[in-house]
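Colleague: I would like to learn how to read contacts in a model like this one. Could you take me through it?

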4 protein chains.
Amino acid sequence: MPKISDAHREMRRAQILDAAWRCFYREGVQATTMEQIIKEADMSASAMYRYFGGKDDIIFSAISSSLTAVGKLLEPIVARDLAPAVLVERVTSDIETFSHREGYNLAAIAMHGWSEAQRDEKVRELIRGFYLGFREQLVARVVRWQAEGAVAPDADVAEVAKALQSIILGYVVQMSIMRDVDPAAHARGLAALLGAGR
Amino acid sequence: MPKISDAHREMRRAQILDAAWRCFYREGVQATTMEQIIKEADMSASAMYRYFGGKDDIIFSAISSSLTAVGKLLEPIVARDLAPAVLVERVTSDIETFSHREGYNLAAIAMHGWSEAQRDEKVRELIRGFYLGFREQLVARVVRWQAEGAVAPDADVAEVAKALQSIILGYVVQMSIMRDVDPAAHARGLAALLGAGR
Amino acid sequence: MPKISDAHREMRRAQILDAAWRCFYREGVQATTMEQIIKEADMSASAMYRYFGGKDDIIFSAISSSLTAVGKLLEPIVARDLAPAVLVERVTSDIETFSHREGYNLAAIAMHGWSEAQRDEKVRELIRGFYLGFREQLVARVVRWQAEGAVAPDADVAEVAKALQSIILGYVVQMSIMRDVDPAAHARGLAALLGAGR
Amino acid sequence: MPKISDAHREMRRAQILDAAWRCFYREGVQATTMEQIIKEADMSASAMYRYFGGKDDIIFSAISSSLTAVGKLLEPIVARDLAPAVLVERVTSDIETFSHREGYNLAAIAMHGWSEAQRDEKVRELIRGFYLGFREQLVARVVRWQAEGAVAPDADVAEVAKALQSIILGYVVQMSIMRDVDPAAHARGLAALLGAGR
DNA sequence: GATGAATGAGTCTTCATTCAT
DNA sequence: AATGAATGAAGACTCATTCAT
């Protein structure tokens, strides 16, 4: 009897979070009203409050689920044995693909999440934790590059990972603001710059 | 006589925009209320509407004036003859300094501005225009690096500038979310990565 | 077969009314929500509506059953042959005992009932009817006091009963507001005052 | 300039509290909506919130101002040199007169206040403090009766005052529930009862 | 007979903006 | 030019009640 209830509950929650992101993407997180989310999710106000404690809960859960989705997307790429510029290309390319396939702009969502993080410490901790986890994976990647001789043996791997993460995050910014970047071209530009290190 | 009025007007506008940023930084752009700005600027509601058309006008003007300030800060650095990693270090270092000196977090402001850009096309055009202008300066810088042999002669300078801009923007993201980056270390990490291009 | 059903029905109704009073006592009658009663009675919303027509029905029935309980409590006391001050002491003492034994504060319940009576004529009629019935018993008591010479032969027994009822009701008020009254002390104070009539 | 503001403020607050009592009297405290008070006070919702922090603030202030009014009414009566039954008659008679003159039923208001006191400790403390203050005046009165020989010299004056207060409070209850009491008849009944103490 | 998810109307409160003074 | 009291519309959230299962 309650078996249906549990699966049903998760389905409803996902339906609501999806609707929320479609609104957040269009209107911004704070400017989105509960009424908009409710209408987008095609349910009643009171039904919504059965699944989430309130607007803050929806915002937090939406950002959280978004990060989980991005994590699932990027983890396998970083695990592969790719050179720096190629890694950046694959990551940015997958972000682009994911954005368009899912119907909501992942880059726009990131901007809203970062903004929200500035005013809500809990959200900042959530995003920060996720990014630090991703950075750990980058560190592991850099360690292997170092073993292969692709990175100087005396380099601080943590510092390299931070620089690498800057490039990826900066791409997302340009993707959502200038909208004139392209994974392949960006990777070529990076590769040319990498050669400049000599 | 109207000269004083004009100067007065500009002073009042600046006072309001400063107050607005202090609020936006704490609360987020959309979540900030006019009442908060009014109290922070220490003036009456009606006085406020004498200097700005409304909330949207304040948001747009605040972002615009912020960009102008950042432009003035960065232009001289890009004009100097610095190697890539050094350039990035100087730019990020100046952003850090500027943030703390002015009493409001420039990185946080950037997040809010980018978020706002996703829902207000006019704001996006404003920021985009500014970033494209900055990129032009980076292109000029890359051209000179190419002339000096620091960048491969067959590289597309626009692509290189975009990659460079990613690094700077990504630094700002990490500065506002992870808050564990440091201009010098970040530049060292980048330098190590640049050497990887061989 | 319908006999069990009837007994079951009455048990369920009593269970609900008990739960309702525990809520009313804590939250006030109007401020109590159906959800609170439902949770306190540990049943489903729809089950509740099978036994009562709605919130108003529960309120009315709860007050009614409460009055019945108080009636059963007080009737035997008034029937006994006690002097005025002793009667008041026994009545107030039994109200105190009943309050604590049953786990819900009878005096608090009275306040809520009286308040509800101000806005719902049906409730007022219910309580009024009960109090008039109790007063009848007091009248009978006063008649006997008069016969015994304890009350002046020319006194209007109805007026004396009203005065007596005031003392009892006023005790309940002080019990729920000041919470510093005690049946014995109160009766002693009354006895001292009674002597003042000479 | 702000001189008008202060007088204006108090006038507005009084206007709102008056409107609130008219509503509380009809609907009960909790069941009264802000919309009703707003309409009754003939102002906008936002204007209301300029003068009171919210519904709870209005409730508390309304009860508080009501107690102050009752205090002003009763103090001079208790100060006079009257016999017990006469004192009760004057007090109840003035409460009756005040109720009808002011256009809102003071007894009904008392019921609502007592009920509210059961669920809001701050309200209970407010009312309790007021009643204890009134009781102090009664104690002073009893002391003088004792000096005059109208009360037994060994009686505990505090206990007598409590009994006296019960009679007054109980009258108010009967006034609002049975609505068949009358100050003079009630005082006569009390006097007959007082004589019963011999 | 029982459940608990769903609802629409309503609740308190706040907002950006205006206007009499 | 300046004030700050006032507003109508909208904000988040809750309620008593019903109905498909």
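Modeller: Gladly. A residue is near a strand if one of its heavy atoms lies within 4 Å of it. Keep in mind that this model is predicted.

Colleague: Which residues come nearest to DNA strand E?

Modeller: Of the 31 residues around DNA strand E, the nearest are A:Ser46, A:Tyr51, B:Met34, C:Ser46 and D:Tyr49. On the DNA side, sugar and phosphate make up 57% of the strand E atoms that come within 4 Å of the protein.

Colleague: What lies close to the phosphate oxygens of DNA strand E?

Modeller: The side chain of A:Tyr51 has an N or O atom 2.6 Å from one phosphate oxygen of the strand. For B:Met34, a backbone N or O atom lies 2.7 Å from a phosphate oxygen, and for D:Met34 a polar backbone atom is 2.8 Å from one. By class, the surface near DNA strand E has 10 nonpolar, 14 polar and seven charged residues.

Colleague: Now the proteins: how much area is buried between chain D and chain C?

Modeller: The size of an interface is often given as the accessible area lost when the parts come together. Here chain D and chain C bury about 4,800 Å², and carbon and sulfur atoms give 63% of that. D:Gln118, D:Ile177 and D:Leu193 supply 15% of the area chain D buries against chain C, more than any other three residues.

Colleague: And how many salt bridges cross this interface?

Modeller: The rule finds four between chain D and chain C. One pairs C:Glu159 with D:Arg188, whose closest N and O atoms are 2.7 Å apart. On the side of chain D that touches chain C, α8(D) gives the largest share, 15 residues.

Notes: Residues are numbered from 1 along each chain as its sequence is written. Chains are lettered from A and ligands numbered from 1 in the order in which they are written. This is a predicted model: local features need pLDDT of at least 70, side-chain atom pairs count only at pLDDT 80 or more; totals for chains, interfaces and linings use all residues. Side-chain values use heavy atoms; hydrogens and water are left out. A polar contact is a pair of N or O atoms within 3.5 Å; within protein, one must be able to donate a hydrogen and the other to accept it, and residues adjacent in sequence count only if both atoms are side-chain atoms. Ala, Val, Leu, Ile, Met, Phe, Trp, Tyr, Cys and Pro count as nonpolar, Asp, Glu, Lys and Arg as charged, and the others, Gly among them, as polar. Buried area is the accessible area (1.4 Å probe) that two parts lose on being put together, summed over both. A salt bridge is a side-chain nitrogen of Lys or Arg within 4 Å of a carboxyl oxygen of Asp or Glu. Helices (H or I, at least four residues) and strands (E, at least two) are DSSP runs, numbered from the N terminus.
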